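Hello,

Here is the structure I promised to pass on to you. Have a look at it first, and then read my notes below.

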Amino acid sequence: MKRILLFVLTNVLVVAVLGIVASLLGVNRYLTANGLNLGALLGYALVMGFGGAIISLLISKPMAKWSSGVQVIEQPRNADEAWIVETVRKLADKAGIGMPEVGIFEGEPNAFATGAFKNSALVAVSTGLLQGMTREEIEAVIGHEIAHVANGDMVTMTLIQGVMNTFVVFLSRVIGYAVDSFLRKGDDRDSGPGIGYMITTIVLDIVLGFAAAIVVAWFSRQREFRADAGSAQLLGRKQPMVNALARLGGMTPGELPKSVAAMGIAGGIGQLFSTHPPIEERIAALQNAAI
């Protein structure tokens, strides 16, 4: 529940900040003397929705480094770090993308990839993952993250989040205006939106935000299946990824910050807000996939 609340709070704060900026610049004039200007409202909703998602994407890599304590490997200090860097390089070449930054962070088993662009991404693995898996399994996990980058998953998730945010902003204000008009029926005063509009909009921003999070999480779960299959294609066989998932299923996965949780190798238990399917479903899907 804490992770869900943090997710919703982050989106609300981003949209709120953009809303304040829009107010200061005077670009949110969708309420007029003649009523609701739907065209202006849609433009406002697009700016708020996609603006927040794009900002999140652009700052994803520095935020991931800061929030997870990632130490980027500028120059390998030992044989293990050299092997990790070389493995990322090899798989990135196979996937046809630029060499990502490679990092390690302290914590329980997990890994993630993030970044706004395919050719300048970040791939990071935890110390718990490195200590708890064989090199073949680690290579499969890295292949999974490289597949996320090659598939453009960061951009895809940004577009989906932007669409969902846009619907939230648009619908909450349309419904808020309708509720306010009903409550003020017969009131001839032209004093702008009333308390009904403001309360309804705030409540619906939160309620619809939860609904949007469910849709985004569903897309994220489908993406995990594709990344598992992508790892198998990069390695030329399924078994290393199957073994890595089975191993991960017997571990206690580390929690990632919400900003990068959807890009991690380990996720929740397959509930509505989970960004990752259950391990057993991923193994079954991979075993049945045509690689």
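**Helix α8 and its surroundings**

S220 is found in helix α8, which covers residues 195-235. Please keep in mind as you read that this is a predicted model. With a relative accessibility of 0%, S220 counts as buried, because that value is under the 20% cut-off. Its side chain has a partner in R223, and the two are joined by a polar contact of 2.9 Å.

The helix itself has 41 residues. From the first C-alpha of α8 to the last it reaches 59 Å, close to the 60 Å expected at 1.5 Å a residue. Just after α8 comes G236, which takes a positive phi of about 90 degrees.

Which residue forms a salt bridge with E224? The partner is R282, with the closest N and O atoms 3.7 Å apart. This pair links distant parts of the chain, as E224 sits in helix α8 and R282 in helix α11 (residues 279-288), 58 residues apart. Both E224 and R282 are buried. There is a network here too: salt bridges that share partners join R223, E224, D228 and R282. R223 thus turns up twice in these notes, in the network and in the polar contact with S220.

**Other salt bridges**

In total, the count comes to 12 salt bridges. Two others that you may like to look at are described here.

The side chains of R77 and E81 meet in a salt bridge, at 2.6 Å from N to O. Are these two residues buried or exposed? R77 counts as exposed, because its relative accessibility of 69% is over 50%. E81, at 6% relative accessibility, counts as buried.

K90 and E139 also meet through their side chains in a salt bridge, with 2.6 Å from N to O. Here again the pair links distant parts of the chain: K90 belongs to helix α4 (residues 79-95) and E139 to helix α6, and their positions lie 49 residues apart in the numbering. K90 counts as partly exposed at 36% relative accessibility, whereas E139 is buried, with a relative accessible area of 17%.

**The sheet**

Four strands form an open sheet, and their order is β3-β4-β6-β5. The pairing in this sheet is mixed. Why is one side of β3 and of β5 left without a neighbour in the sheet? Strands β3 (71-72) and β5 (111-114) stand at the edges and each has a single partner strand, so one side of each is left free of a neighbour there.

For β5, pairing with strand β6 (residues 122-126) is in the antiparallel sense, over four bridges. In one of the pairs, T114 has L122 in β6 as its bridge partner. Helix α6 (residues 135-150) packs on the sheet and touches β5 and β6. The direction of α6 makes about 20 degrees with that of β5. This is the helix that holds E139, the salt-bridge partner of K90.

**A glycine in α2**

Lastly, take a look at G52, whose place is in helix α2 (residues 38-58). G52 is buried, with a relative accessible area of 5%. How far apart are the C-alpha atoms of G52 and T166? They are separated by 9.9 Å, although the two residues are 114 residues apart along the chain.

Best wishes

Note on methods
Residues are numbered from 1 along each chain as its sequence is written. This is a predicted model: local features need pLDDT of at least 70, side-chain atom pairs count only at pLDDT 80 or more; totals for chains, interfaces and linings use all residues. Side-chain values use heavy atoms; hydrogens and water are left out. Helices (H or I, at least four residues) and strands (E, at least two) are DSSP runs, numbered from the N terminus. Buried means under 20% relative accessible area, exposed over 50%, partly exposed in between (1.4 Å probe, protein chains only). A polar contact is a pair of N or O atoms within 3.5 Å; within protein, one must be able to donate a hydrogen and the other to accept it, and residues adjacent in sequence count only if both atoms are side-chain atoms. The expected span of a helix is 1.5 Å times one less than its number of residues. Two strands pair if DSSP finds at least two bridges between them. Contact means heavy atoms within 4.5 Å. Axes are lines fitted to C-alpha atoms, for helices over the stretch in contact, and angles run from 0 to 180 degrees between N-to-C directions. A salt bridge is a side-chain nitrogen of Lys or Arg within 4 Å of a carboxyl oxygen of Asp or Glu.
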